[in-house]
Amino acid sequence: KYFTQWNVEGTLSLGRGAVATPAFPLRTALTGFKGSFNNNTVKLDTLRIVSGGSNLSAHGEVTNLRRVLTGSGMVRTAIEVDTDSLALSEILAAYALGQKNMHSDLAYLASLDDDSYENKVAAATVDSTISTPLIVVPANVDATLALRGSGVSYLDLNVSDVSADLIMKRRCLQLNSVRAVTTVGNIYADAFYSTLTKEEIYAGFNVNLEDIAVGDVIDLVPQVDTLMPLLKSFDGLLNCNLAATTRLDTTMNLIMPSMEGILRLSGRNLHFNDNRQVTKIASMLRIRHPETATVDSMMVEGILRDNTLEIFPFLLAIDRWKVALAGVQNMDQSFSYHLSLVKTPLILKLGANVYGDDFDHMKFSLGKAKYRDERSLPSFSSVIDTTRINLV
């Protein structure tokens with residue numbers, strides 16, 4: 001009460017020396033804070049944090065403290081952050097460990113020095129079983145944050161250049177204009193995360209992966225493997241766009257039946273890997289030596305809703321062959337596809353229906369080709385574009 005009535009002003013400078021190491025040679029700056037304050041605003045001239053494998057510097061201001069201290073306002077902050085080393089796996093492990101230790105013996109925690117605690121965090125980082133507790137966005141913070149940097153790492157992904165804008169308000173986070181240049185390809189994204197209540201946890205994302213290997217696409221967006229299990233049959237570089245909204249549980253896992261969105265995959269000069277399902281389909285359609293065949297081009301589009309991915313008709317160009325495919329992939333791994341040979345060295349243009357509970361128990365039946373040529377394939381690109389724009 002008295003603090004809000006007084007005219008309080010001052011400057012503050014705090015710091016601690018950091019030791020340079022071969023692993024982190026940039027740790028020569030101070031870990032500390034330099035700025036000014038009054039009873040309503042804290043201005044950050046320099047905020048430097050060096051901890052573990054992360055090195056951050058920031059400047060900006062935190063304001064509206066007078067109303068916050070009287071319990072009737074929101075903390076407002078605008079901060080710009082630069083980094084040349086950011087270990088996200090380590091930060092998440094530290095957060096999870098901190099949440100766990102909140103319920104531990106306080107005397108034991110007080111007995112740990114900084115080095116001992118950092119060792120515990122390092123051990124937690126390499127523990128693949130550690131789970132991150134629910135991150136609740138505070139209701140009394142209105143913040144904007146701009147991140148620019150390099151040297152960002154998360155699990156096996158290394159980012160050489162990254163930029164992102166973050167808005168926090170009303171228990172929601174919004175990530176805008178995320179751009180990351182990584183060792184596996186380029187990533188562009190927008191996203192939101194909402195924690196209105198424990199029963200109302202939502203997320204949405206519009207992720208674009210550019211020139212990324214099939215295996216890396218699945219590692220970065222594991223949901224793609226659930227949506228298109230047959231994708232693992234290809235080797236090569238893909239462009240991937242996945243835009244969706246979904247609910248989350250209290251351990252921050254996606255609730256797949258609630259997901260709604262669109263999927264668009266494209267690639268050129270792809271190859272089939274050693275996959276017996278592909279060999280079976282190729283044999284059925286009289287395509288010889290699929291293991292040496294090259295997929296000249298591929299564009300797959302589909303809409304995700306009601307626990308099902310509806311894949312619109314698309315063309316798969318394989319050397320002298322062109323195959324039209326369309327169908328439904330369910331989240332329980334069951335599927336139903338139709339395949340038509342629209343260009344083939346054979347006289348007959350065959351069609352086939354392929355279905356099953358999963359790709360290990362695949363059934364098929366030969367029949368009439370539904371699509372006779374490329375002109376008979378309907379285009380749903382405008383539907384995909386409209387849906388994606390609405391989601392964004």
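Modeller: Before we start, one term: two strands count as paired if DSSP finds at least two bridges between them. Also, keep in mind that this is a predicted model.

Biologist: Okay, let's use that term. How many bridges hold E10 and E11 together?

Modeller: Eleven, and the two strands run antiparallel. E10 covers residues 186-197 and E11 covers residues 200-213.

Biologist: Which residue in E11 is the bridge partner of asparagine 186?

Modeller: That's glutamate 210.

Biologist: And what joins E10 to E11?

Modeller: A hairpin, running through two residues.

Biologist: Which strand does E11 pair with over ten bridges?

Modeller: Strand E13, residues 237-248, again in the antiparallel sense. If you want a spot to click on, asparagine 208 sits opposite asparagine 241 in E13.

Biologist: Let's jump further along the chain. In what sense do E19 and E20 pair?

Modeller: Antiparallel, with seven bridges between E19 and E20. A hairpin of five residues links E19 to E20, and glycine 351 faces glycine 367 in E20.

Biologist: Switching to rings now. How many aromatic pairs are there in the whole structure?

Modeller: Three turn up in a search of the whole structure. One of them is phenylalanine 335 with tyrosine 337: the ring centres are 5.7 Å apart and the planes sit at 35 degrees, so that pair is tilted.

Biologist: Are phenylalanine 335 and tyrosine 337 buried or exposed?

Modeller: Phenylalanine 335 has a relative accessibility of 4%, so it counts as buried. Tyrosine 337 is buried as well, at 12% relative accessible area.

Biologist: What about phenylalanine 335 and phenylalanine 359, how do their rings sit?

Modeller: Those two are stacked, 4.1 Å from centre to centre with 5 degrees between the planes. Phenylalanine 335 belongs to strand E18 (residues 335-343), whereas phenylalanine 359 is in the loop between E19 and E20, so this pair ties together parts 24 residues apart in sequence.

Biologist: Is phenylalanine 359 buried or exposed?

Modeller: Buried, just like phenylalanine 335. Put together, Phe335, Tyr337 and Phe359 make one aromatic cluster.

Biologist: Time for charges. How many salt bridges does the structure hold?

Modeller: Six. Among them is arginine 76 with aspartate 142, whose closest N and O atoms are 2.8 Å apart.

Biologist: Which strands do arginine 76 and aspartate 142 lie in?

Modeller: Arginine 76 is in E5 and aspartate 142 is in E6 (residues 141-149), so the pair ties together parts that are 66 residues apart in sequence. Arginine 76 is partly exposed, at 37% relative accessible area, while aspartate 142 is buried at 14%.

Biologist: Why does 14% make aspartate 142 buried?

Modeller: Because buried means under 20% relative accessible area, and aspartate 142 has 14%.

Biologist: Got it. What does aspartate 161 form a salt bridge with?

Modeller: Arginine 179, with 2.5 Å between the closest N and O atoms. Aspartate 161 lies in strand E8 (residues 157-169) and arginine 179 in strand E9 (residues 172-182), so here the parts tied together are 18 residues apart in sequence. Aspartate 161 is partly exposed at 29% relative accessibility, and arginine 179 is partly exposed at 30%.

Biologist: Which residues are linked in a network of salt bridges?

Modeller: Arg264, Glu301 and Asp385.

Biologist: Back to E5 for a sec. Where does threonine 77 lie, and what is it in contact with?

Modeller: Threonine 77 lies in E5, which spans residues 75-87. Setting aside neighbours within four places in sequence, threonine 77 contacts Glu61, Val62, Asp142, Ala143 and Thr144. At 15% relative accessibility, threonine 77 counts as buried.

Biologist: And threonine 83, is that one buried or exposed?

Modeller: Buried, with a relative accessible area of 6%. Threonine 83 is in E5 too.

Biologist: Which backbone oxygen does the side chain of threonine 83 reach at 2.8 Å?

Modeller: The one on asparagine 55. A polar atom of the threonine 83 side chain also lies 3.0 Å from the backbone oxygen of serine 85. Leaving out neighbours within four places in sequence, the contacts of threonine 83 include Leu56, Leu147 and Gly149.

Terms used:
Residues are numbered from 1 along each chain as its sequence is written. This is a predicted model: local features need pLDDT of at least 70, side-chain atom pairs count only at pLDDT 80 or more; totals for chains, interfaces and linings use all residues. Side-chain values use heavy atoms; hydrogens and water are left out. Helices (H or I, at least four residues) and strands (E, at least two) are DSSP runs, numbered from the N terminus. Buried means under 20% relative accessible area, exposed over 50%, partly exposed in between (1.4 Å probe, protein chains only). Contact means heavy atoms within 4.5 Å. Rings of Phe, Tyr and Trp (its six-membered ring) pair if their centres lie within 6.5 Å; planes under 30 degrees apart count as stacked, over 60 as edge-to-face and the rest as tilted. A polar contact is a pair of N or O atoms within 3.5 Å; within protein, one must be able to donate a hydrogen and the other to accept it, and residues adjacent in sequence count only if both atoms are side-chain atoms. A salt bridge is a side-chain nitrogen of Lys or Arg within 4 Å of a carboxyl oxygen of Asp or Glu.
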